[in-house]
Structure formats: structure tokens, C-alpha cells
Amino acid sequence: MGTQKKHMTLKKKHGLIGWGFLLPATLLIAWMSFYPMIQAFILSLQTGTGVNLKFGGLANYIRIIEDATFRQTLFNTFLYLIIQVPIMLILALALASMLNNKHLRFKGLFRTAIFLPCATSLVSYSMIFRSIFSNDGLINSILRNFGMDPIMWFSNAWTARIVIIIALVWRWTGYNMVFYLAGLQNIEYSVYEAARIDGASPMQSFFKITVPLLKPIILLTAIMSTNGTLQLFDESVNLTNGGPGKATMTMSHYIYNTSFVNSPNFGYAAAMSIVILIMVAILALIQMKVGDER
């Protein structure tokens with residue numbers, strides 16, 4: 001009886017120690033994340049500009065439904081999400097599989113080169129892409145050398161969107177590749193050798209061994225990429241400035257303009273932020289439900 005009581009006391013002590021370690025992080029997250037979200041929700045229920053705010057109920061949310069610009073930015077953002085995220089994750093997984101080959105020489109050099117874009121300054125790489133795809137840039141010079149007409153990349157809605165998608169894939173593929181490489185290095189190479197001895201082709205090993213064992217990491221990168229794309233801001237601002245017109249503007253870019261550019265309306269901007277938060281939460285939940293076999 002005394003031993004059991006001692007065991008319960010020790011267990012309780014360990015639990016208190018655990019909560020002691022968790023408490024600072026929990027308080028910091030509550031202060032830095034949850035409190036601002038609550039404040040943003042309260043602000044989203046207010047109408048008016050500047051300090052002249054008053055309670056407006058769901059007026060801002062009703063306005064979102066009727067806002068043609070918001071629908072345009074919603075379309076743009078989901079277009080980037082649907083096209084860019086699958087391409088980026090598939091490419092990252094393929095590159096990680098190739099660079100995990102123990103017989104490949106200069107692996108460190110290749111890994112560093114592919115990862116470097118995500119360490120590049122957002123403004124710098126946006127300026128580089130604007131230069132490459134400008135009317136007299138590198139891409140159009142190559143097209144002229146092949147006897148083709150140059151493309152006005154930033155003057156057409158669809159070509160401008162293509163530039164943003166290419167830029168996103170270039171920048172973030174290496175970032176996701178690192179996650180996959182870390183996962184692959186936890187898989188014993190003998191598993192692949194055994195599959196090869198059994199007659200499995202490299203493609204069969206990829207789909208029967210690599211993909212199933214990396215499923216949790218694939219789910220993690222899919223959620224992070226979805227979250228990041230729905231909050232996409234820098235490329236829309238620095239690459240195309242939302243143009244031509246508002247054809248490439250993202251939801252975060254529109255929220256920024258609503259908050260700080262033309263007649264600031266913080267209540268309406270907060271309402272759009274809450275809508276994005278709900279979208280991120282729903283998509284993350286769907287991805288977790290689909291990806292978790294339990």
C-alpha cells in the first residue's frame with residue numbers, strides 16, 4: 001500500500017514537472033497567438049475607419065460575400081495552391097529520393113544548391129525573377145534566339161500567374177526536400193537492397209517503400225505548404241504588385257491593402273483574416289483525416 005502511494009506521489013510529481021516545463025511555452029503561445037486572434041475576431045465585428053469604430057455585427061462578413069475583389073483574390077490563391085503545392089511536393093520527394101542514393105557523388109553540393117533558394121531574401125529573389133521575365137529579360141532573349149515572339153509575362157493575367165507559380169516552386173522545393181531527406185535517412189538502406197534482390201524496380205521501391213514510410217512527413221509538408229500558400233503575400237507584392245489589375249493579387253495582399261493603403265479599414269481586414277484562418281483550419285483537418293489511417 002505504501003509502495004503504491006509512493007508511486008502515485010512520484011507520478012504526480014513528474015506530471016507537475018512536465019506542466020512546469022510546458023507552462024512558459026503555453027503562456028507565450030496564448031499571449032502571442034491566441035490573444036491576437038481573439039482581438040482580431042472582436043475587431044472583425046466592428047465597422048468604420050481609423051479610431052471611429054463601432055459594433056457592426058456580421059456586416060463585414062456579409063460584405064466579404066459580396067466583394068468581387070475578394071472573390072478574385074480567393075480564386076488566385078487557390079489556383080496557386082492547387083497547381084504549385086502538388087508540383088512542389090512531388091518534385092521535392094523525387095529530388096530527395098535521388099539525393100538519398102549512397103552511391104551518388106557530391107551529394108552535399110547538390111543538396112546545398114537545391115536548398116539555397118529558400119535561404120534567399122524574398123525581395124532579392126523577386127527582383128531577380130522580375131528581371132528574368134521582363135520584356136527584355138533572359139527568357140525573352142532565349143525565345144528570340146529560337147525565332148519565337150517574346151512574351152509580355154507581366155502584362156497578361158495567366159502568364160503573370162505562371163511566373164508566380166514558377167517562383168514559388170523554385171523557392172520552396174528545397175525546403176520540403178530537406179524534410180523528406182531527413183525521413184529517408186531514418187529508413188534502413190537494407191530495406192531497398194532487399195527489395196532490389198526480390199526483383200523490385202526503382203519505381204516499385206519508390207511507391208511501395210518510400211511513399212508509405214514517408215506518409216507522416218508528406219502530410220506535414222502538405223499542411224505547412226497549404227498554410228503558407230493561403231497566406232501568400234511576398235510574391236504577389238514584389239513580383240507583380242497584384243497586377244495586371246488584380247489578376248494575381250492574393251488574399252493576404254488584399255488584406256494588407258485594405259489595412260494600410262487606401263482608406264484603411266481594419267475591421268474589414270480583420271474579418272478577411274478570420275476567413276483565411278477558418279480555411280486553413282478546415283483544409284488542415286481534411287488533410288489530417290485523409291492522411292491518418294487511424
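Helices here are DSSP runs of H or I with at least four residues, numbered from the N terminus. The model on display is predicted.

Begin with the largest pocket, which holds about 550 Å³ of space. Select α3 (68-99), α8 (189-197) and α9 (202-213): each of these helices supplies at least two residues of the lining of this pocket. Among the contributors, α9 gives the most, with five residues. Next, display Ser97, Tyr189, Tyr192, Pro202 and Ser205, which lie nearest the centre of the largest pocket among its 19 lining residues. Colouring the lining of the largest pocket by class will show nine nonpolar, seven polar and three charged residues.

Proceed to the second largest pocket, where about 380 Å³ of space lies. Its lining comprises 17 residues, and those closest to the centre are Ala40, Ile255, Ala270, Ser273 and Ile274. Select α1, α12 (251-260) and α13 (266-291) here, since at least two lining residues of the second largest pocket come from each. The greatest share belongs to α13, with eight residues. By class, the lining of the second largest pocket has 12 nonpolar and five polar residues, and no charged ones.

For the final stop, select Ser44, located in helix α1 (residues 2-44). Is Ser44 buried or exposed? Ser44 counts as buried because its relative accessibility is 0%, and the limit for that class is under 20%. Now show the contacts of Ser44: leaving aside residues up to four places away in sequence, Ser44 touches Gly57, Asn60, Tyr61, Gly267, Ala270, Ala271 and Ile274. Two of these partners, Ala270 and Ile274, also appear among the residues closest to the centre of the second largest pocket.

Key
Residues are numbered from 1 along each chain as its sequence is written. This is a predicted model: local features need pLDDT of at least 70, side-chain atom pairs count only at pLDDT 80 or more; totals for chains, interfaces and linings use all residues. Side-chain values use heavy atoms; hydrogens and water are left out. Buried means under 20% relative accessible area, exposed over 50%, partly exposed in between (1.4 Å probe, protein chains only). Contact means heavy atoms within 4.5 Å. On a 1 Å grid over the protein atoms alone, a cavity is a set of points where a 1.4 Å probe fits but cannot get out, and a pocket is an open set with protein on both sides within 12 Å along at least five of seven lines; lining residues have an atom within 4 Å of a point. Grid points are joined across faces, edges and corners, and a volume is the space filled by probe spheres set on the points. Ala, Val, Leu, Ile, Met, Phe, Trp, Tyr, Cys and Pro count as nonpolar, Asp, Glu, Lys and Arg as charged, and the others, Gly among them, as polar.
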